[in-house]
Number of protein chains: 2
Amino acid sequence: MLQILAMSADPYLRSGCKSEANGGAVPRPMTGFVSGKVLASKRPDYIAGDLFGASLPFCTVQHITAEAAQKTLMWKLTGMVTEENISFGVGVLGMPGSTAYGGFLDVLRPEKDQTTKQETIWISGSCGAVGSIVGQIAKNVSGCKVIGSCGGPEKVALCMDKFGMDGAIDYKKCNDRAALAAALKEQAADGIDMYFDNVGGMHFEVAMESLRPHGRVAICGGISHYNEGERTADRIFPTDMIYGFKRIEGFMCMPWLSGKKGNFLKDMAGWVKEGKVSVEETFFDGVEAWPMAFQALFTGSKKGKVVVKIAA
Amino acid sequence: MLQILAMSADPYLRSGCKSEANGGAVPRPMTGFVSGKVLASKRPDYIAGDLFGASLPFCTVQHITAEAAQKTLMWKLTGMVTEENISFGVGVLGMPGSTAYGGFLDVLRPEKDQTTKQETIWISGSCGAVGSIVGQIAKNVSGCKVIGSCGGPEKVALCMDKFGMDGAIDYKKCNDRAALAAALKEQAADGIDMYFDNVGGMHFEVAMESLRPHGRVAICGGISHYNEGERTADRIFPTDMIYGFKRIEGFMCMPWLSGKKGNFLKDMAGWVKEGKVSVEETFFDGVEAWPMAFQALFTGSKKGKVVVKIAA
């Protein structure tokens with residue numbers, strides 16, 4: 001028996017909503033990332049009082065059979081969080097955290113020794129749940145030069161002051177690709193070595209133009225396209241990738257969140273404890289607020305991880 | 001003192017011609033890939049009679065200083081070829097061969113065990129110097145299913161009969177992207193695992209649409225764009241790469257041709273000897289014929305490797 005204490009609102013759920021609008025089976029309970037407390041358990045590996053993160057239906061209290069539990073992605077957070085900060089289970093110690101971790105360390109693969117040759121990473125959605133963590137790992141763990149991109153002066157300040165980035169672009173001041181490219185050039189005159197893409201569109205195109213030899217692009221999301229009716233393609237010149245051995249790679253969190261690759265939970269919990277990764281959250285209260293929380297992802301009226309708190 | 005016996009005509013030289021047209025320093029000797037025989041040498045590692053491949057100015061007989069020789073990419077072919085088939089030094093045992101070798105084995109990285117789960121590779125320019133070798137390594141060394149794409153029924157027959165491909169598309173019969181996609185679907189109903197891109201344009205776009213989870217695309221060339229004035233972008237939907245962990249990677253031959261990576265010369269010479277890789281060549285005679293040879297790359301009036309033979 002599980003008590004859900006935090007529900008996640010994540011941009012990737014948008015495509016699920018669309019397929020429902022297009023004739024998928026409705027109504028059905030939405031499924032997504034949650035964190036909470038075990039009330040009772042017959043499993044040997046979870047006991048009452050254990051804290052966890054999981055991918056489950058959005059129900060405040062729920063029972064899952066042993067069979068269902070085996071198929072459920074669930075990870076234990078006991079000892080890493082308390083009920084006070086159980087929201088970390090849907091953020092830095094959950095899907096967004098593992099996305100940042102895997103995408104930066106294993107997809108972008110920063111050079112080990114950044115003191116000899118510092119690499120520059122550009123991150124779109126740099127104030128978001130994933131981008132803010134990518135930036136802090138890149139800066140405080142690996143030692144890269146970090147440039148963000150986000151919407152509005154308040155977010156720019158947050159990127160600089162709280163997340164410690166070396167620069168941040170307010171993309172809302174950039175009317176077109178040329179303006180965004182110019183803004184990036186101001187921050188990174190010689191181009192970028194890595195680009196972590198949360199938004200797609202003109203950010204992706206500018207990143208490709210600005211990519212230095214041996215540059216890498218990790219495709220994590222494309223929120224600038226999520227509300228389109230007819231999909232818009234981005235532009236690419238593949239031959240520009242040849243002489244510089246450039247790479248674009250798509251990925252999602254599963255290998256790292258499931259523990260198949262890397263040491264996500266242990267590493268990330270350690271970095272949070274050491275202050276290398278600070279957490280920003282925007283809270284909404286109660287399951288009724290979930291639709292508002294979800295909308296906030298697309299209006300930009302939020303910072304960091306969007307969490308819907310569920311009272312015990 | 002070097003005697004050049006074969007000069008290469010390669011599509012990549014097109015961009016050099018353009019920069020000259022745009023005001024680069026002219027006249028200067030063109031530089032490209034050649035193969036030939038050492039007439040005399042003061043170097044301890046080369047003796048008179050040695051056969052070689054190299055990147056050098058297009059001069060039939062030339063002297064290079066010890067200093068220049070140190071900066072020159074040069075590889076020894078003695079024992080692997082004779083003066084009869086010295087043209088292999090600009091083809092299967094030179095730049096195109098090492099491009100095929102590195103691009104397929106180290107960029108596309110086929111699954112080791114193709115008997116359990118056979119992967120499908122699609123190759124554009126599959127009758128060309130590089131594509132024909134990629135196809136044969138994929139088929140006869142790795143055991144993949146190989147689909148080619150080339151222009152005209154004669155080339156399709158060559159792909160099937162000489163290069164042993166499982167299927168080949170005559171792209172000239174495909175008026176648009178949808179037609180090409182349909183032709184590919186006929187050959188690979190469940191999509192492709194790898195795409196080796198020599199041409200860009202609609203081939204690149206169709207490959208991206210047809211790419212299965214964990215699919216990889218190696219960008220080797222984009223000849224469909226080489227004669228454009230204003231460059232045309234290709235279309236891409238980066239978010240389609242996320243859930244399938246898809247990858248696009250650009251590369252050129254240098255790491256493998258220089259011997260830094262892999263065992264190109266040894267492996268490829270072995271495969272040629274064993275009959276796993278057959279060589280197709282289109283010959284032109286004499287240095288005066290080089291411009292015609294070069295044009296043939298773009299008109300499609302050639303098969304396999306274009307070689308300009310230089311009489312001793």
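In this predicted model, chain A is divided into two domains. Domain 1 of chain A is assembled from two segments, 2-91 and 279-309. Domain 2 of chain A covers 96-250. The centres of domain 1 and domain 2 of chain A, taken over C-alpha atoms, are separated by 27 Å. Contact between the two domains draws on 10 residues of domain 1 of chain A and 13 residues of domain 2 of chain A. On the domain 1 side, these residues comprise three nonpolar, three polar and four charged.

The overall fold of chain A contains 10 helices and 14 strands. Its C-alpha atoms fill a box of roughly 55 × 45 × 35 Å along the principal axes. The radius of gyration of chain A is 20 Å. A compact globule of 312 residues would have a value near 20 Å, so chain A agrees with that expectation. Buried residues account for 47% of the 312 residues in chain A. Contacts between residues far apart in sequence were also counted. Among contacts in chain A with a separation of 6 or more, 66% join residues 24 or more positions apart.

Chain A also meets a second copy, chain B. The contact takes 28 residues from chain B and 28 residues from chain A. On the chain B side, strand S11 (234-236) and strand S12 (247-250) each supply at least two residues. S12(B) gives the most, with four residues. By class, the side of chain B that touches chain A has 14 nonpolar, seven polar and seven charged residues.

Strand pairing crosses this interface. Strand S12 of chain A, residues 247-250, is joined to S12(B) by three bridges. The two strands run antiparallel. One of the residues involved is A:Arg247, whose bridge partner in S12(B) is B:Glu249.

The arrangement of the two chains was then examined by superposition. In general, two copies of a chain are related by a rotation about an axis and a shift along it. Here, a turn of 180° with a shift of 0.0 Å along the axis lays chain B on chain A. The RMSD is 0.0 Å. That relation is the one given by a two-fold axis. The interface residues fit this picture: 100% of those in chain B are also interface residues in chain A, so the copies meet through the same surface.

Technical notes: Residues numbered from 1 in each chain as written. Chains lettered and ligands numbered in written order. Predicted model: local features only at pLDDT ≥ 70, side-chain atom pairs only at ≥ 80, totals over all residues. Contact = placed C-beta atoms within 7 Å. Nonpolar A, V, L, I, M, F, W, Y, C, P; charged D, E, K, R; others polar. Pairing = 2+ DSSP bridges. Least-squares fit on C-alpha atoms with pLDDT ≥ 70 in both. Domains from an automatic or database assignment. Rg over C-alpha atoms; globule rule 2.2 N^0.38 Å. Buried ≥ 20, exposed ≤ 12 C-beta atoms within 10 Å, placed from the backbone.
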